[in-house]
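Me: Got a minute to walk me through this one? I'd like the sheet and the chain contact.

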Amino acid sequence: MFSWIVWRELILAWRRRADVLSTVFFFVIVVSLFPLGIGPEAQLLRSIAPGVVWVAALLASMLSLGRLFANDYQDGTLEQLLLTPQPLYLVVLAKTLAHWLIAEIPLVLIAPLLGIQFDLSQDTLRLLFVTLLLGTPVLSLIGSVGAALTVGLRNSGVLISILVLPLYIPVLIFGAGGVEASIMGTSPQSHIYLLAAITVLSLTFAPWAAAAALRISLE
Amino acid sequence: MRGDRRLFSGLNFSLSPGTFVQLTGPNGSGKTSLLRILCGLLAPAEGEVRWQGANIRSLAEEYFTFTTYLGHRHGIKDELTGIENLRISNALNGTEISEQSARSVLEMMGLAGREAIPVRLLSEGQRRRVALARLVVCGTTLWLLDEILASLDKSAIALIRSLIEEHLAKGGIAVVATHQEFELKSASIQRLELAT
């Protein structure tokens with residue numbers, strides 16, 4: 001069942017490639033605007049790079065979260081998902097996993113490439129990749145709760161941002177902090193551990209919260 | 001109860017195997033709400049729904065193994081083909097079917113030659129047929145069907161009628177909200193009319 005939902009989401013994403021690509025392009029453009037706007041000051045660019053990439057990743061995931069449940073809601077398949085004889089949190093978890101694969105993984109893969117624009121060293125690029133890989137599941141997981149709460153509402157995109165972005169702050173701090181630490185020459189280990197802890201925590205609670213929110217939204 | 005409005009109260013009925021219930025009533029009288037309460041999407045403001053003696057709230061997901069609900073929204077994905085829609089919705093409901101059997105079910109529903117194109121290219125009635133194809137293979141006992149006859153032609157309605165008759169003969173239960181007259185042979189038809 002779990003794999004069927006993931007498979008379904010992957011097919012749907014493939015048939016609607018434009019949606020996925022627009023998120024990736026948004027990420028690329030936002031990140032690239034900073035070096036262009038600030039100019040070739042290597043020292044400054046290096047110090048703002050982690051924050052810029054992370055903030056852009058948060059904003060890019062806002063774009064795709066609106067669609068996480070809204071499309072299914074409109075054509076009635078969300079009702080059908082709620083009526084399947086499986087625990088709803090598993091359904092939500094499968095959809096969240098698919099969202100991470102479709103919307104977040106491309107960002108994680110492309111981020112080191114974009115980091116070159118900021119004159120980051122090899123080690124820092126690698127760390128940027130690792131922190132994003134560890135931290136982006138949280139974006140999907142916490143985002144799923146926001147998306148579930150706002151499903152069926154008009155202008156849900158803005159509302160999701162207001163609900164979810166504040167909850168992203170810990171991920172942003174430890175994710176960008178880890179990369180910054182490596183730029184400063186200190187150990188990023190503590191940041192990475194904390195990031196992993198947040199990921200595990202949200203993996204434990206977010207699917208339940210999103211499932212409960214979906215039931216309320218669909219009443 | 002929708003918003004502040006009480007749609008119906010004092011409603012008490014039980015359904016035995018082989019029963020067909022036609023739910024009628026003017027627009028806004030609560031047909032859809034009643035069906036959503038019966039399928040467990042909506043919690044009743046007062047009272048409870050019982051399945052074989054147990055409250056459906058306590059049965060939770062187990063209840064869904066007995067029921068199939070088709071709402072007035074089709075519940076199929078526009079980007080997927082008929083076969084994919086049918087196979088995925090069946091797999092999620094616990095019975096995996098092969099591509100071949102999905103194809104033959106869709107052929108039976110009068111969609112021969114159109115099983116493998118995205119559903120968004122089909123007409124409204126054909127999409128409804130794809131949604132209804134689930135009834136052929138779902139194998140559940142309680143069917144809750146909301147306005148399913150809308151935008152269907154005569155042959156499709158005849159097809160649905162024979163599906164429901166077969167379902168009732170096997171001891172199934174069907175609750176159908178519809179404005180159209182629905183003639184069934186043999187089976188015991190109950191009419192439930194909701195007033196505004």
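Reply: Here are short answers on confidence, then the sheet, then the contact.

Me: What kind of model is it, and what are ipTM and pTM?

Reply: It is a predicted model. It scores ipTM 0.85 and pTM 0.88.

Me: And what is the mean pLDDT of chain B?

Reply: The mean is 83 for chain B, and 95% of its residues reach 70 or more.

Me: OK, the sheet. What is the strand order in chain B?

Reply: The order is β4-β5-β6-β1-β7 in chain B. It is an open sheet of 5 strands, with parallel pairing.

Me: Which strands stand at the edges?

Reply: β4 (67-70) and β7 (188-193) of chain B. Each has a single partner strand, so one side of each has no neighbour in the sheet.

Me: What does the twist average from one strand to the next?

Reply: The twist averages 15°.

Me: Now β6(B). How many of its residues are buried?

Reply: 5 of its 5 residues are buried, so to speak of β6(B) as mostly covered is fair.Me: Which residues of β6(B) sit on which side?

Reply: Ile173(B), Val175(B) and Ala177(B) are on one side. Ala174(B) and Val176(B) are on the other. All of these are buried, and both faces of β6(B) are covered.

Me: How many bridges are there between β5 and β6 of chain B?

Reply: Strand β5 (residues 142-146) and strand β6 (residues 173-177) of chain B pair over 5 bridges, in the parallel sense. Leu142(B) has Ile173(B) as its bridge partner in β6(B).

Me: And β1(B) with β6(B)? How many bridges there?

Reply: That parallel pairing has 4 bridges. Val175(B) in β6(B) stands opposite Val21(B).

Me: How does the chain cross from β5(B) to β6(B), right-handed or left-handed?

Reply: It goes through α6(B), and this β-α-β crossover is right-handed.

Me: What does helix α6 of chain B lie across?

Reply: α6 (residues 154-169) lies across β1 (19-24), β5 and β6 of chain B. It runs at about 145° to β6(B).

Me: And helix α5 of chain B? Which strands does that lie across?

Reply: α5 (residues 124-138) lies across β4 and β5 of chain B. Its angle to β4(B) is about 170°.

Me: Switching topic. How many residues does each chain bring to the contact?

Reply: Chain A brings 22 residues and chain B brings 25 residues.

Me: Which elements of chain A give two or more residues to the side that touches chain B?

Reply: α1 (2-15) and α4 (77-82) of chain A. α1(A) gives the most, with 6 residues.

Me: How does that side of chain A split by class?

Reply: The side of chain A that touches chain B has 11 nonpolar, 5 polar and 6 charged residues.

How values were computed
Residues numbered from 1 in each chain as written. Chains lettered and ligands numbered in written order. Predicted model: local features only at pLDDT ≥ 70, side-chain atom pairs only at ≥ 80, totals over all residues. Contact = placed C-beta atoms within 7 Å. Nonpolar A, V, L, I, M, F, W, Y, C, P; charged D, E, K, R; others polar. Pairing = 2+ DSSP bridges. Axes fitted to C-alpha atoms, helices over the stretch in contact; angles between N-to-C directions. pLDDT = per-residue confidence, 0-100. Buried ≥ 20, exposed ≤ 12 C-beta atoms within 10 Å, placed from the backbone. Right-handed = clockwise from strand over helix to strand, strands pointing away.
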